[in-house]
Amino acid sequence: MRAAVLMGIEQFEIKEVPAPDIVHDTDVLIRVGTIGVCGSDVHYYTSGRIGSQIVQFPFIIGHEAAGTVERTGNRVTRVKPGQRIAIDPTVSCGHCDQCKAGRENTCRELRFLGCPRQLEGCLCEHIVLHEKCCFPIQGSMTFEQATLSEPLAIGVYSVERSMLPVNANVAILGVGPIGMSVFHVLRTTNVGSVYVTDKIDDRLTFSKLLKPKWSGNPDRTDVVKEISDIEPLLMDVVYECSGNEEAFGQAVQLLKPGGTFVIVGITEADEVPFPIHELRRKEITIVNIRRQVHCTQKAIDLLARRQVNMDSMATHHFPLEETQKAFDLVANYRDGVMKAIISVD
Ligand SMILES: [Zn+2]
Ligand SMILES: [Zn+2]
């Protein structure tokens, strides 16, 4: 089969590689339709690592995908050949303490699609996954929409975990695809005012679609001052979705006493300094988001019922052969890119 193989830093090659096959009775062989380029994939592309997860080249990355079931193992009941599916890229063991507690996202033996030393990714024609990773999609839903259910599920999970009070005032720091996923989900709740920041003006413009009360660029304005001028009692919840270290300090400053700081973004740095006394005096709750758990179907339902419309997020399209071009575009935030979608056929 054809695959876009990551051969080194910022170096993809389209190669012919052996196709995977069904090994276990619960396996599903999937023909990949579309793949979304995620910020975490871009970390592997530009630096070969996220924290201690280091790519051994050559390696196939990619974890946001939708496709068609080609064949199934003998014990598969969730899907049938020919069925179109969205994919949850998390393969959990099902028997550790975390899985038993319903925390499959922190499974002790977790293997994640396109994650170094876990599972090869989906930037190729075929993948094999456990049936529990396969979520059938209905009639009019496109592969592209199904692919976007992966980042949207992280938005669903982040909002669920933030225990939003009624009419909460919130800030989203960073409105890339994950920040926008959070924003889309917030718009399905009774959230109060939403404030957004980003260092990329195109993204601020893009976020206006969801009508933030205020938006600003921290490189040009004192976002903490401006937001606190409008909302002197400050924020109930801040979602950090940029992965930018400076935003961590801003988040703490923007929160009211008793507020909740939700860390969704992935930083390049291994350690991030915190204004610890402000954090303590305000008694801020910190919620970390590790991908998501049990939110894939919820995200698919939001899209299917048109409660959330993410169509405009897919700003750029590429064939598999142009994977390198897609990653260069996303890595450099060029041309107003939000989500680049790669099609296999
Ligand atoms: Zn992703
Ligand atoms: Zn487990």
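# A tour of two zinc sites and two cores

Select Val128 to begin, and you land in strand β10. The model on your screen is predicted. Val128 counts as partly exposed, because its relative accessibility is 21% and buried would need under 20%. Show its surroundings next. Leaving out residues up to four places away in sequence, Val128 touches Pro20, Asp21, Ile22, Asp27, Val28 and Leu29. Now add Asn332 to the selection. Val128 and Asn332 are 204 residues apart along the chain, and their C-alpha atoms are separated by 32 Å.

**Stop 2: the largest core**

Step back to Ile127. Which residues does Ile127 touch, not counting those up to four places away in sequence? They are Pro20, Val28, Leu29, Ile30, Val32, Ile87, Leu113, Gly121 and Cys122.

Ile127 belongs to the largest nonpolar core, which has 52 residues. Select Leu123, Ile127, Leu129, Phe327 and Ile342 together: these touch the most other members of that core. Then colour the elements that each supply at least two residues of this core. Among them are the strands β1 (2-8), β3 (27-36) and β6 (64-72). The helices α1 (39-47) and α10 (323-331) are also on the list. In soluble globular proteins, nonpolar side chains tend to be buried together.

There is a second, separate core of 47 residues. To find it, select Tyr157, Val170, Met313 and Ile341, which are included in it.

**Stop 3: two domains**

Colour residues 2-136 and 310-343 as domain 1, then residues 153-288 as domain 2. The centres of domain 1 and domain 2, taken over C-alpha atoms, are 28 Å apart. How many residues of domain 1 are in contact with domain 2? The count is 16 residues of domain 1, in contact with 15 residues of domain 2.

**Stop 4: zinc with four cysteines**

Select the zinc ion (ligand 2). Its donors are the SG atoms of Cys93, Cys96, Cys99 and Cys107, at 2.3 to 2.4 Å. Along the chain, these donors follow the spacing C-x2-C-x2-C-x7-C. Why is the arrangement around the zinc ion (ligand 2) tetrahedral? The 4 donor atoms subtend angles of 103 to 117°, and four donors count as tetrahedral if all angles lie between 85 and 135 degrees.

Click on Cys99. Its relative accessibility is 8%, so Cys99 counts as buried. Then pick Gln98, in helix α2 (residues 97-100). Gln98 is buried too, with a relative accessible area of 15%. Beyond residues up to four places away in sequence, Gln98 touches Arg103, Glu104, Thr106, Cys107 and Arg108. One of these, Cys107, is also a donor to the zinc ion (ligand 2).

**Stop 5: the other zinc**

Move to the zinc ion (ligand 1). Three residues to select here are Cys38, His63 and Glu64: they coordinate the ion through SG, NE2 and OE, at 2.2 to 2.4 Å. The spacing of these donors along the chain is C-x24-H-E. Cys38 sits in the loop between β3 and α1, while Glu64 lies in strand β6, so the pair, 26 residues apart, links distant parts of the chain. Are Cys38 and Glu64 buried or exposed? Both are buried.

**Stop 6: cysteines without a disulfide**

Select every cysteine. How many disulfides does a search of the whole structure find? The search finds 0. A disulfide is a covalent bond between the sulfur atoms of two cysteines.

Zoom in on Cys122. The closest cysteine sulfur is in Cys124, 6.8 Å away, which is too far for a bond. Cys122 has 0% relative accessibility, so it counts as buried. Next, click on Cys133. Cys133 is in no disulfide, and the nearest cysteine sulfur, that of Cys134, is 6.3 Å away. Cys133 is buried, with a relative accessible area of 0%.

**Stop 7: two last picks**

Select Ser181 in helix α4 (residues 177-186). Ser181 is buried, with a relative accessible area of 0%. Setting aside residues up to four places away in sequence, Ser181 touches Pro151, Leu152, Gly155, Met310 and Met313. You have met Met313 before, in the second core.

Finish at Ile200, in the loop between β13 (194-197) and α5 (201-207). Apart from its neighbours within four places in sequence, Ile200 is in contact with Asn217 and Tyr333. Add Leu329 to close the tour. Ile200 and Leu329 are 129 residues apart in sequence and 14 Å apart in space, C-alpha to C-alpha.

Notes
Residues are numbered from 1 along each chain as its sequence is written. Chains are lettered from A and ligands numbered from 1 in the order in which they are written. This is a predicted model: local features need pLDDT of at least 70, side-chain atom pairs count only at pLDDT 80 or more; totals for chains, interfaces and linings use all residues. Side-chain values use heavy atoms; hydrogens and water are left out. Donors are N, O and S atoms within 2.8 Å of the metal (3.2 Å for Na, K and Ca); water is not among the atoms, so sites may look incomplete. Four donors count as tetrahedral if all angles lie between 85 and 135 degrees; four count as square planar and six as octahedral if opposite donors are over 155 degrees apart and all others between 65 and 115; anything else is irregular. Buried means under 20% relative accessible area, exposed over 50%, partly exposed in between (1.4 Å probe, protein chains only). Helices (H or I, at least four residues) and strands (E, at least two) are DSSP runs, numbered from the N terminus. Contact means heavy atoms within 4.5 Å. A nonpolar core is a set of buried Ala, Val, Leu, Ile, Met, Phe, Trp, Tyr and Cys residues joined through side-chain atoms within 4.5 Å. A disulfide is a pair of cysteine sulfur atoms within 2.5 Å. Domain bounds come from an automatic or database domain assignment.
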